[in-house]
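User: Hey, could you walk me through this one? I'm new to reading structures, so keep it simple.

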Amino acid sequence: MQKHALIKIDDKEHTFPVMTGTEGEKAIDARNLRKETGYIFYDQGYGNTGSCESSITYLDGDNGVLRHRGYTIEELAEHSDFPETAYLVIYGELPNAAQRKAFGQLLRENAAIETQMQRIFEGFPKDAPPMAMLSSIVGSLAAHYPQLATNNFEKDLQQFDLAAAMAISKIRTIGAMIYRHNKGLPFVHPKDLPFCNNFLHMMFSEPYQEYAALPEVAKALNLILLMHADHEQNCSTSTMRMVGSSGANLFTSLAAAINALSGPLHGGANTAVMQMLQSIHDENDDGTRFIEAAKGGSKSSRLMGFGHAVYRNFDPRAKIIGQACDVVLKKLGKSDPLLDIAKNLEQAALKDDYFISRKLYPNVDFYSGIIMRALGIPTNMFTVMFAIGRSPGWIANWREVASNPKGRIYRPRQIYVGPVKRAYVPLANRK
Ligand code: CMC
């Protein structure tokens with residue numbers, strides 16, 4: 001039976017249908033609210049607003065649950081790899097053997113960056129911030145492949161398979177080129193290798209010495225990327241949908257999402273975690289000072305890698321990556337004092353009333369940097385790694401928007417609190 005919600009405003013009752021998702025999430029369908037009542041809902045930051053229906057990712061922040069297309073993140077972490085999970089996130093089903101092979105082939109064929117595109121790097125200073133380079137170069141894919149980026153959903157969807165594989169593969173290649181650019185090293189061209197091995201080859205091979213990734217290293221990188229594959233309507237994914245809803249093509253929407261990811265409260269947090277751990281280490285602190293400062297309530301002194309906009313429980317990705325840290329470091333025969341600091345910090349915070357009462361737990365970024373560091377990826381590249389991993393989620397969300405025949409341009413409203421109408425004051429009369 002269709003449920004309804006009753007809203008009483010100015011003594012008048014209005015009913016609105018209740019929607020229920022496949023996992024039982026409930027929402028009031030308020031699409032006609034303004035038309036019927038003259039009111040809108042005020043929901044700063046959209047924390048209580050469902051901006052879309054989506055069948056990609058299910059997230060239950062209260063219980064620490066994350067599933068892509070119905071599969072738990074724990075099972076995917078154990079059995080899948082990044083390209084397969086990317087396929088699942090984008091197309092909705094795990095690929096069969098032929099589909100997996102064809103997708104891998106498409107990723108390989110589209111890994112290279114054309115010479116003209118490579119020249120973009122010449123315009124960037126040697127120490128240009130990696131995310132600034134990433135967004136502009138990804139945006140330029142629309143200029144280099146205009147036939148795949150028409151700003152016409154129907155045409156763009158006909159070419160979607162190629163554009164999607166190209167985006168995932170090239171974002172990865174561009175990421176490696178950004179690293180080489182910052183280091184002042186010559187670019188290394190992609191080879192016929194599995195996705196993550198190819199990335200490591202493009203990062204670390206030298207003209208005089210090929211880099212052959214240990215299986216453990218490629219596996220750890222697969223895990224890191226897979227952990228980031230999608231995460232529901234976060235800031236960058238909502239940006240992707242918002243920009244895509246205007247009819248903007250896949251590549252330009254991706255550039256916007258990358259910019260949204262660059263902020264320290266979103267994708268930039270993994271870098272901030274490492275900086276925090278490093279300064280605790282450099283100052284020979286045990287973390288107590290950081291924890292005390294974080295309790296001050298200032299945004300600039302937060303315990304980075306802790307808390308989440310939707311998880312009020314352990315971020316399941318943090319559990320998986322936290323456990324993988326020990327395994328990876330052991331397999332690589334490395335130890336990292338920052339891992340010990342992170343563990344101590346976690347234990348101290350989990351016992352502290354401030355963090356307990358606010359339900360602040362480690363998030364995905366708390367441990368991911370330690371693994372990336374062990375793989376030789378520098379801190380300033382961490383957010384780029386996040387972007388490479390998140391590309392399937394952004395692409396899948398863009399596809400949902402583009403292929404929705406009833407889709408509308410995203411256009412929230414506001415409560416205006418500025419000056420009321422007033423007369424223009426000529427310059428000579430102004431104080
Ligand atoms: N350290 C100290 N206090 C915190 C922290 C933190 N990391 N996070 C939240 N709080 C406090 C906050 O000050 C507030 O306190 P009060 O109730 O006294 O005002 C309370 O906890 C509730 O926080 P909130 O404002 O509801 O949290 P939010 O949903 O606005 O913010 C967040 C979520 C992730 C931006 C925030 O927890 C944060 O800044 N964390 C550190 C940055 C970080 O690790 N970001 C990565 C997020 S995971 C990657 C991704 O998906 O993008």
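Analyst: Sure! One term to begin with: the domain bounds used here come from an automatic or database domain assignment. Also, this is a predicted model.

User: OK, so which domains is the protein divided into?

Analyst: Domain 1 covers 4-65, domain 2 is made of 72-263 + 384-403, and domain 3 runs over 269-375.

User: What separates the centres of domain 1 and domain 2?

Analyst: Taken over C-alpha atoms, those two centres are 33 Å apart. Where the two domains make contact, eight residues come from domain 1 and nine residues from domain 2.

User: How is the size of a contact like that given?

Analyst: Often as the accessible area lost when the parts come together. Here domain 1 and domain 2 bury about 740 Å² between them, with 54% of it on carbon and sulfur atoms.

User: Which three residues of domain 1 supply more of its buried area than any other three?

Analyst: That's Ile56, Thr57 and Leu59, which supply 62% of the area domain 1 buries against domain 2.

User: And how many salt bridges or polar contacts are there between the two?

Analyst: The salt bridge count is zero, but three residue pairs are in polar contact across the interface. On the side of domain 1 that touches domain 2, you get three nonpolar, four polar and one charged residue.

User: Switching topic: how many residues surround the ligand?

Analyst: 18 residues do, and the closest are His266, Arg302, Leu303, Gly305 and Tyr354. By type, the shell has nine nonpolar, five polar and four charged residues.

User: Which atoms of Gly305, His308 and Leu265 lie by the ligand?

Analyst: For Gly305, a backbone N or O atom lies 2.8 Å from a ligand oxygen. With His308, a polar side-chain atom is 3.4 Å from an oxygen atom of the ligand. Leu265 has a polar backbone atom 3.3 Å from a ligand nitrogen.

User: How much of the ligand does the protein bury?

Analyst: The protein buries 75% of the 930 Å² that the ligand exposes when taken alone.

Terms used. Residues are numbered from 1 along each chain as its sequence is written. This is a predicted model: local features need pLDDT of at least 70, side-chain atom pairs count only at pLDDT 80 or more; totals for chains, interfaces and linings use all residues. Side-chain values use heavy atoms; hydrogens and water are left out. A residue is near a molecule or strand if one of its heavy atoms lies within 4 Å of it. A polar contact is a pair of N or O atoms within 3.5 Å; within protein, one must be able to donate a hydrogen and the other to accept it, and residues adjacent in sequence count only if both atoms are side-chain atoms. Accessible areas come from the Shrake-Rupley method with a 1.4 Å probe; for residues, only the protein chains shown count as cover. Ala, Val, Leu, Ile, Met, Phe, Trp, Tyr, Cys and Pro count as nonpolar, Asp, Glu, Lys and Arg as charged, and the others, Gly among them, as polar. Contact means heavy atoms within 4.5 Å. Buried area is the accessible area (1.4 Å probe) that two parts lose on being put together, summed over both. A salt bridge is a side-chain nitrogen of Lys or Arg within 4 Å of a carboxyl oxygen of Asp or Glu.
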